[in-house]
Amino acid sequence: MILYILFFLSILFYSFFSYSLVDPNLVLSSNATYWSFQNWMWSTFFENGKLMAYTYFFLITTLFIIYFNILEKLRTNKTVIKNIFKNKYIFLFLIIILPLLFSYNALSHDVFNYIFNSRMIVEYGADPYVSVALDFPDDLWTRFMHNTHTPAPYGKGWTYLSLVPYLLGFGKFTLSLLSFRVWSLLSVFLLYFSLQHLSKSLLKRSLNLYELGLVFFNPLLLIETISNYHNDLWMMVPAVFGVSFLVRSMGKKGSDNKDKMRLLIISIFLLIISISIKLASLALIPIWLLAIGLDNISERFSQKLAVKFKLKSEMFKNIFEKFITSFWNKFQNYIPDFAALLMLLPLFTARSQQFLPWYVLWVFVWIPFIKIKLFRNLIIIFTISSSLRYLPWLANNMDFSSQIITNQKYITWLIPTVFLFTNLRKLKR
């Protein structure tokens with residue numbers, strides 16, 4: 001229990017620290033106690049970049065050390081969660097992350113764009129893909145936005161989804177922030193259900209506590225999703241569900257053709273939803289092409305090959321189908337490895353700035369199923385290096401420059417490169 005208490009305290013300290021980066025134009029509350037605390041945080045940290053960087057480094061390092069110790073403790077725990085609403089581990093998880101629900105989005109201003117894009121639609125009847133925040137200079141909600149000059153960069157799926165928490169905010173800024181926080185937490189729980197669904201499709205069982213701990217105790221996922229409000233899990237949840245339904249559809253044969261087609265259509269629909277939120281999940285299309293291609297070969301070409309080579313068609317068809325089925329059964333165990341590798345590719349693009357920290361979640365969510373141990377460990381190392389990517393920016397008093405971006409890339413890539421080089425040398429020996 002001591003590890004969980006330390007994890008809670010570290011998250012609590014991070015949540016306090018997050019208020020050192022509140023934009024000076026943003027007044028979250030006029031309460032005297034809060035205002036005194038906020039001014040102290042500004043005077044202590046806001047103009048002292050190096051202190052912020054040292055503090056952040058200490059907190060992130062502590063969180064990851066505790067994370068690895070928790071995993072070591074859970075490694076032999078095969079307990080599965082049967083009822084999420086009546087489970088002590090879920091209750092423990094909620095207590096641990098509770099401080100993040102009241103933290104400030106210190107490392108990202110994206111949530112302000114989520115809110116204002118919804119505001120454009122509801123309050124102004126404007127199209128956020130045509131209009132920009134600068135078109136509404138009299139709106140006080142633009143004062144603390146950092147990206148006011150470009151249209152909405154996300155898919156329409158996310159824009160429509162974000163209308164729900166905005167409407168639940170009833171036009172009040174603080175209430176909207178809280179509503180989006182709950183929306184972010186909801187994406188975490190939906191990820192849990194999607195991973196369990198995929199586990200039952202692939203492994204024919206539920207994930208155990210160690211496998212769940214790999215994902216849900218990771219500091220990067222907790223901070224970037226809950227504290228910083230990023231919407232990447234909303235993209236990945238339908239993608240994971242989609243892969244799960246695809247696997248189930250490929251398991252249907254013969255008289256189950258109608259059920260097979262229904263599952264396949266559901267999987268494609270879920271992939272389309274994921275793409276509509278962020279285009280990055282287009283990278284997963286090869287998984288569907290391979291599955292449909294194998295099925296098509298099995299059904300259509302076995303008969304033609306049998307005729308061509310003058311074989312008994314039914315016998316050849318059965319042999320061919322068994323071969324395809326055997327290949328798929330072996331391949332499907334590595335679908336998460338393939339999916340993680342495919343979702344790694346968009347991170348090399350200029351648009352992603354070579355690994356913005358929260359983009360690593362596209363790869364990380366597959367980690368409970370990844371068979372290749374070195375690849376799995378490398379992804380975890382990337383969550384560490386991505387979390388530390390903020391250090392040059394903090395040390396430079398939250399100002400960007402070409403040198404700061406270069407330094408961020410060094411941090412992001414150098415740590416995993418050293419890890420990979422060291423482990424490859426061990427394998428060679």
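## Close-ups of a predicted model

**View 1. D232, a buried acid with a lysine partner.** At 0% relative accessibility, D232 counts as buried, because anything under 20% falls in that class. This is a predicted model, so keep in mind that what you see here was computed from its atoms. D232 pairs up with K278 in a salt bridge, with 2.8 Å between the closest N and O atoms. The two come from distant parts of the chain, 46 residues apart: D232 belongs to helix α10 (residues 232-250), while K278 sits in the loop between α11 (257-277) and α12 (285-308). K278 counts as buried too, at 10% relative accessibility.

**View 2. D139 and R119, a loop pinned to a helix.** Here's another of the model's five salt bridges. The side chains of D139 and R119 meet at 2.8 Å, N to O. D139 is in the loop between α5 (110-124) and α6 (156-168) and R119 is in helix α5, so the salt bridge ties together parts that are 20 residues apart in sequence. Buried or exposed, what is D139? D139 is buried, with a relative accessible area of 6%. R119 is buried as well, at 13% relative accessibility.

**View 3. D259 and R262, a pair within one helix.** Side chains of opposite charge can pair when their charged atoms come close. In this view the D259 and R262 side chains do just that, forming a salt bridge at 2.5 Å, N to O. Both residues are in helix α11, three residues apart, so about one helical turn separates them. D259 counts as partly exposed at 25% relative accessibility, and R262 gets that label too, at 44%.

**View 4. A nonpolar patch on the surface.** M1, I2, I5, L6, L9, F13 and F16 together make a nonpolar surface patch of about 690 Å². Take L6 as one of the patch residues: L6 lies in helix α1, which covers residues 2-18. With 39% relative accessibility, L6 counts as partly exposed.

**View 5. Inside the second largest pocket.** This pocket has a volume of about 290 Å³. Which residues lie nearest its centre? Look for Y19, F102, S103, T174 and L177, out of 15 lining residues. Helix α7 (residues 173-202) gives the most to the lining, with five residues. By type, the lining splits into 10 nonpolar residues, four polar and one charged.

Note on methods
Residues are numbered from 1 along each chain as its sequence is written. This is a predicted model: local features need pLDDT of at least 70, side-chain atom pairs count only at pLDDT 80 or more; totals for chains, interfaces and linings use all residues. Side-chain values use heavy atoms; hydrogens and water are left out. Patches are made of residues with over 30% relative accessible area and no salt bridge: like charges are joined within 9 Å, nonpolar side chains (Val, Leu, Ile, Met, Phe, Trp, Tyr) within 5 Å. Accessible areas come from the Shrake-Rupley method with a 1.4 Å probe; for residues, only the protein chains shown count as cover. A salt bridge is a side-chain nitrogen of Lys or Arg within 4 Å of a carboxyl oxygen of Asp or Glu. Helices (H or I, at least four residues) and strands (E, at least two) are DSSP runs, numbered from the N terminus. Buried means under 20% relative accessible area, exposed over 50%, partly exposed in between (1.4 Å probe, protein chains only). On a 1 Å grid over the protein atoms alone, a cavity is a set of points where a 1.4 Å probe fits but cannot get out, and a pocket is an open set with protein on both sides within 12 Å along at least five of seven lines; lining residues have an atom within 4 Å of a point. Grid points are joined across faces, edges and corners, and a volume is the space filled by probe spheres set on the points. Ala, Val, Leu, Ile, Met, Phe, Trp, Tyr, Cys and Pro count as nonpolar, Asp, Glu, Lys and Arg as charged, and the others, Gly among them, as polar.
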